[in-house]
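Please look over the sequence and the model that follow, and then read on for a walk through one helix and the ligand site.

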Amino acid sequence: MSRFIKSKLLSLTPYTPGEQTNDKEVIKLNTNESPFPPSPKVMEAISGSEIEKLRLYSDPEAKELVYAASEFYKLTPNQIIAGNGSDEILAFVFMAYGEKICFPEISYGFYKVYANLFSDNALKIPLDKNLKIIPEDYFDKKSTILICNPNAPTGIALNREEIIRILNNNKENLIIIDEAYVDFGAESMVPLIDQYDNLLVIQTFSKSRSLAGSRIGLALGNKYLIEDLNRIKYSFNPYNMNRLSIITGVSSLKDKEYFYECCKEIIKTRDDFVLKLEKQGFVVLESKANFVFAKPPFINAKEYQKKLRENNILVRHFNDPLISNYVRITIGKKSDMEKIISLNENVEWFKKDEV
Ligand SMILES: *Cc1c(COP(=O)(O)O)cnc(C)c1O
């Protein structure tokens, strides 16, 4: 750091992204990307003439993307705003509603970072001993509530009825549901938007739509909430969606069949992988996401991650003592998951107790 930085930022701990690599030998199961390419329609949509148009600014309203999303989610365009990844949407949300905010102690790591940056009063609510969110812990909070559903990195989901109870017990508070992983088997709260003016849903194209590199996120909610977020956006970065992101996002939304097919395949691979891990002695939390959170037997989790790394497989481990017994493994292709299962079966180090 230089001596010029604002003193408030001296104590900030930035987010640590998972390792990225271009090494073709490496099986990348550490950042919850899709193993599948984007829809073939995305490929077709990026033409030479679109690249020529890059000399022009993009549409600040990202109208085509917002319109395509409104069709997909059966909402009106004024109930949607697009962001440069849902991380940007989350930043807008913290700026708009983060003065007082609470979220689960174990959740998406970025929440704590944004809380430090944008909030004066952030409350972290513990999970129960099974790493589950207890809905009652979020009743009458007198603050904004942010819940990742399914939660990360546990993969455990609340059902619609549980979230409705949280909404009903917080009529004066905004409830934000981050649905980054909802397409892999959990219930979306989007159909409740017309009914609850205190509900804002956040989604991303980075996981289920194979577009992490395109940086597309959405906030979905009643039009006054979307107006708030536009106030922030137009005070921060009006051209937040670039031309290529708008095009890739629209094309992805229009290819429903490919989208549902990819999600179905991931779910099938996940459920099969979980059964095999359990047979090998892992404790696996019930996942509705495109990753599993698993506690290896015999070997400690950090050591296990290291050993997989030596075998060219990247998975994520978190040092927080509440979850340091677990590794988070993204669901890749069937063959990727088989590789882990057969490694566990065939290597010395998996059996050895190194705790
Ligand atoms: C991946 C992820 C995001 C961020 O997604 P981007 O759209 O790529 O910025 C947000 N929330 C959760 C819970 C995530 O896992």
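In this predicted model, is α4 mostly covered or mostly uncovered, and how many of its 13 residues are buried? Helix α4 is mostly covered, with eleven of the 13 residues counted as buried, where buried stands for a relative accessible area under 20%. The buried positions are Gly 85, Ser 86, Asp 87, Glu 88, Ile 89, Leu 90, Ala 91, Phe 92, Val 93 and Phe 94, together with Tyr 97. From its first C-alpha to its last, α4 reaches 19 Å, which is close to the 18 Å expected at 1.5 Å a residue.

The helix also leads to the ligand, since α4, spanning residues 85-97, supplies three residues to the shell around the ligand, the largest share of that shell. In total, 13 residues surround the ligand, and the closest of them are Ser 86, Tyr 181, Thr 204, Ser 206 and Lys 207; Ser 86 is also one of the buried residues of α4. Sorted by class, the shell comprises five nonpolar residues, four polar residues and four charged residues.

Several polar atom pairs can be followed from the protein to the ligand. A nitrogen atom of the ligand lies 2.7 Å from a polar side-chain atom of Asp 178, whereas an oxygen atom of the ligand is 2.6 Å from a side-chain N or O atom of Ser 206. For Lys 207, the distance between an N or O atom of the side chain and an oxygen atom of the ligand is 2.9 Å. Taken alone, the ligand would expose 380 Å², and the protein buries 93% of that area.

Conventions: Residues are numbered from 1 along each chain as its sequence is written. This is a predicted model: local features need pLDDT of at least 70, side-chain atom pairs count only at pLDDT 80 or more; totals for chains, interfaces and linings use all residues. Side-chain values use heavy atoms; hydrogens and water are left out. A residue is near a molecule or strand if one of its heavy atoms lies within 4 Å of it. A polar contact is a pair of N or O atoms within 3.5 Å; within protein, one must be able to donate a hydrogen and the other to accept it, and residues adjacent in sequence count only if both atoms are side-chain atoms. Accessible areas come from the Shrake-Rupley method with a 1.4 Å probe; for residues, only the protein chains shown count as cover. Helices (H or I, at least four residues) and strands (E, at least two) are DSSP runs, numbered from the N terminus. Ala, Val, Leu, Ile, Met, Phe, Trp, Tyr, Cys and Pro count as nonpolar, Asp, Glu, Lys and Arg as charged, and the others, Gly among them, as polar. The expected span of a helix is 1.5 Å times one less than its number of residues. Buried means under 20% relative accessible area, exposed over 50%, partly exposed in between (1.4 Å probe, protein chains only).
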